[in-house]
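Let's take a friendly walk through this model, starting near one end of the chain and working outward from there.

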Amino acid sequence: MKLKSIVVFVLFLLTLSVGSFNASAKDSPFTQEDRDRIIKVEAKLEMGFHQIDKRFEQIDKRFEQVDKRFESVDKRFDDINKRFDQMMSVLWILTTVFTGITISTIGFAVWDRRRKIRPI
């Protein structure tokens with residue numbers, strides 16, 4: 001009786017393992033629905049990549065605009081620097097003329113006073 005129950009138990013286990021093996025062979029874990037889902041996901045990813053590419057193109061355009069603005073600011077600074085140099089040149093000329101006039105006036109005053117004081 002013990003042997004009979006052991007044989008029945010072993011046969012039961014064999015039938016379970018064979019049944020599960022046949023069921024797994026027939027039922028594929030990858031179905032047509034899964035394939036369709038993967039195709040849809042790939043399409044969405046491609047759309048996402050295209051949108052990212054467009055975003056990067058927009059960012060590149062903005063950087064180009066910023067570069068143009070910096071170039072225009074650099075040109076303005078160059079113009080201001082040229083004007084400043086011109087203004088400084090004019091100021092040096094005016095300072096030189098004023099200094100010359102002041103020195104000549106003081107020199108004339110000293111010469112005139114000496115000339116008047118000498119005869120006395």
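**Two salt bridges and a nonpolar patch**

Arg 115 and Asp 112 sit three residues apart in helix α2, about one turn of the helix; helices here are DSSP runs of H or I with at least four residues, strands are E runs of at least two, and both are numbered from the N terminus. This is a predicted model, where local features need pLDDT of at least 70, side-chain atom pairs count only at pLDDT 80 or more, and totals for chains, interfaces and linings use all residues. Residues are numbered from 1 along each chain as its sequence is written, and side-chain values use heavy atoms, leaving out hydrogens and water.

Arg 115 forms a salt bridge with Asp 112, with 3.9 Å between the closest N and O atoms (a side-chain nitrogen of Lys or Arg within 4 Å of a carboxyl oxygen of Asp or Glu). Asp 112 is buried at 17% relative accessible area, while Arg 115 is partly exposed at 45% (buried is under 20%, exposed over 50%, partly exposed in between, with a 1.4 Å probe and protein chains only).

The structure holds two salt bridges. Asp 34 and Arg 37 also meet in one, at 3.9 Å from N to O, and they too lie three residues apart in helix α2. Here Asp 34 is partly exposed at 21% and Arg 37 exposed at 54%.

Helix α2 spans residues 32-117 and includes Leu 45, which is partly exposed at 47% relative accessibility. Leu 45 joins Val 41, Phe 49, Ile 52, Phe 56, Ile 59 and Phe 63 in a nonpolar surface patch with about 690 Å² of accessible area together. Patch residues have over 30% relative accessible area and no salt bridge, with like charges joined within 9 Å and nonpolar side chains (Val, Leu, Ile, Met, Phe, Trp, Tyr) within 5 Å. Accessible areas come from the Shrake-Rupley method with a 1.4 Å probe, and for residues only the protein chains shown count as cover.
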